[in-house]
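This report describes a protein model, section by section. The sequence and structure come before the details.

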Amino acid sequence: MDRDALRITVLGSATPFPRPGNPCSGYLVEGGGVRVWVDAGTGTLAELQRYVALGDIDAVWISHLHADHSADLLTAYYGLLYAGLDVSLPVALLGPAGIADRLAGFLTHGADRSPVEKAFAVHELYDGHEVRIGGLTLRSRAVDHDGPAAFALRVEDERGSSLVYSGDCRPCSSLVELGRDCDLFLCEADGDVPGHHSPAQAGRSAARAGAGRLVVTHVGSGVEPAEAVALAAAEFPGDVAHADPGARFEVTRRSRTPGRTTTSRASSR
């Protein structure tokens, strides 16, 4: 497998709690010679290890601090420090302001604060944050979501391929701007609660951005994945797929197709 090629593997996409066979939100992004764990929802650490050892992760990126996107950072902390892994510490952790104290608040059980920074080199996100990790460039934009500060992510490789992940948010101009002309648009569709996209809104956001392909993820419990794909496809003139656990999407530059379809090229583990 070409380690430089950009790809994303779905570790989990359930909301708001893990289901049998489907953890909460988490993705493995690979390309440019590096591996990035994007969102660490409940259950995703175990799935991550199907593809890569925890010690081989180059960075972790967290969209927001709701537990279904970040809870497995707690067990990752124990793994990094106390499991005897062959790992270069600390691992880069990119997340919203206050993420280190949030982890320490849970992990500390005495007078001394848990050494979160021994496991993670914390870099707090802000609107427009940009960092280069290996051959990948990661750009973050603040997005509209009820509750804690939330960010969307754009990943680009040196070949010009790009993917965008919405995190959790309602439709907003910053997400569309970040997603402009991306090759793959991964958009949540938890339309059951405020502050989120519905499947149809995910399709409209992808269309407004001019994305090449759309993958709907984090679909609300009241909608079946196939129905979510159909609702999104009615609004988006391109390939649409659901983020099935274990699905892997290869991201190639300008991978858009004419017409409207409900299929997408993905492989399962």
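## Valine 36

Is valine 36 buried or exposed? The model is a predicted one. Valine 36 has a relative accessibility of 2%, and buried means under 20% relative accessible area, so valine 36 counts as buried.

Valine 36 belongs to strand 3. Leaving aside residues up to four places away in sequence, valine 36 touches Tyr27, Leu28, Val29, Ala59, Trp61 and Leu138. Leucine 93 lies 57 residues from valine 36 along the chain, and the C-alpha atoms of the two are separated by 9.8 Å.

## The sheet from strand 6 to strand 14

Strand 3 is part of an open sheet of seven strands, whose order is 6-5-4-3-2-1-14. The pairing in this sheet is mixed. Strand 6 (120–124) and strand 14 (248–250) are the edge strands, each pairing on one side only. From one strand to the next, the twist averages 20 degrees.

Within this sheet, strand 4 (residues 59–61) pairs with strand 5 (residues 91–95) in the parallel sense, over three bridges. Tryptophan 61 has leucine 94 of strand 5 as its bridge partner. Helix 3 packs on the sheet and touches strand 3 (34–40), strand 4, strand 5 and strand 6. The direction of helix 3 makes about 145 degrees with that of strand 6.

## Valine 122 on strand 6

Valine 122 is found in strand 6. Its relative accessible area is 26%, and partly exposed covers the range between under 20% and over 50%, so valine 122 is partly exposed.

Not counting residues up to four places away in sequence, valine 122 touches Leu93, Ile99 and Ala100. Proline 96 is 26 residues from valine 122 in sequence, with 9.6 Å between them in space, C-alpha to C-alpha.

## Helix 3 and helix 4

How do the axes of helix 3 and helix 4 cross, and at roughly what angle? The axes of helix 3 (residues 73–82) and helix 4 (residues 99–107) come within 10 Å and cross at roughly 80 degrees. Angles of 65 to 115 degrees count as roughly perpendicular, so helix 3 is roughly perpendicular to helix 4. Helix 3 contributes Leu73, Leu74, Tyr77 and Tyr78 to the contact, and helix 4 contributes Ile99, Leu103, Phe106 and Leu107. Sorted by type, the residues of this contact are eight nonpolar, no polar and no charged.

The buried residues of helix 3 are Leu73, Leu74, Ala76, Tyr77, Gly79 and Leu80. Just after helix 3, glycine 84 takes a positive phi of about 70 degrees.

## The sheet from strand 7 to strand 13

A further open sheet of seven strands has the order 7-8-9-10-11-12-13, and its pairing is mixed. The edge strands here are strand 7 (130–133) and strand 13 (239–242), and each pairs on one side only. With direction ignored, neighbouring strands of this sheet are turned by 20 degrees against each other on average.

Strand 12 (residues 213–217) and strand 13 run parallel and are joined by four bridges. In strand 13, histidine 242 stands opposite valine 216. Helix 7 (residues 199–209) packs on the sheet, where it touches strand 11 and strand 12; the direction of helix 7 makes about 150 degrees with that of strand 11. Helix 8 (residues 225–233) lies across strand 12 and strand 13 and runs at about 155 degrees to strand 13.

## Strand 10 and its partners

Which residues of strand 10 lie on each of its faces? In a regular strand, side chains alternate between the two faces of the sheet. In strand 10 (residues 162–165), Ser162 and Val164 are on one side and Leu163 and Tyr165 on the other. These four are all buried, and both faces of strand 10 are covered.

Strand 10 pairs with strand 9 (residues 150–157) in the antiparallel sense over four bridges. Serine 162 in strand 10 is the bridge partner of glutamate 156. The two strands form a hairpin with four residues between them, and glycine 160 in the turn has a positive phi of about 95 degrees.

Strand 10 also pairs with strand 11 (residues 184–188), in the parallel sense and over three bridges. Here valine 164 stands opposite phenylalanine 185. Together with helix 6 (residues 173–178), strand 10 and strand 11 make a right-handed β-α-β unit.

Note on methods: Residues numbered from 1 in each chain as written. Heavy atoms only, no water. Axes fitted to C-alpha atoms, helices over the stretch in contact; angles between N-to-C directions. Parallel < 35°, antiparallel > 145°, perpendicular 65-115°, else oblique. Contact = heavy atoms within 4.5 Å. Nonpolar A, V, L, I, M, F, W, Y, C, P; charged D, E, K, R; others polar. Pairing = 2+ DSSP bridges. Buried < 20%, exposed > 50% of the residue type's maximum accessible area, 1.4 Å probe, protein only. Right-handed = clockwise from strand over helix to strand, strands pointing away.
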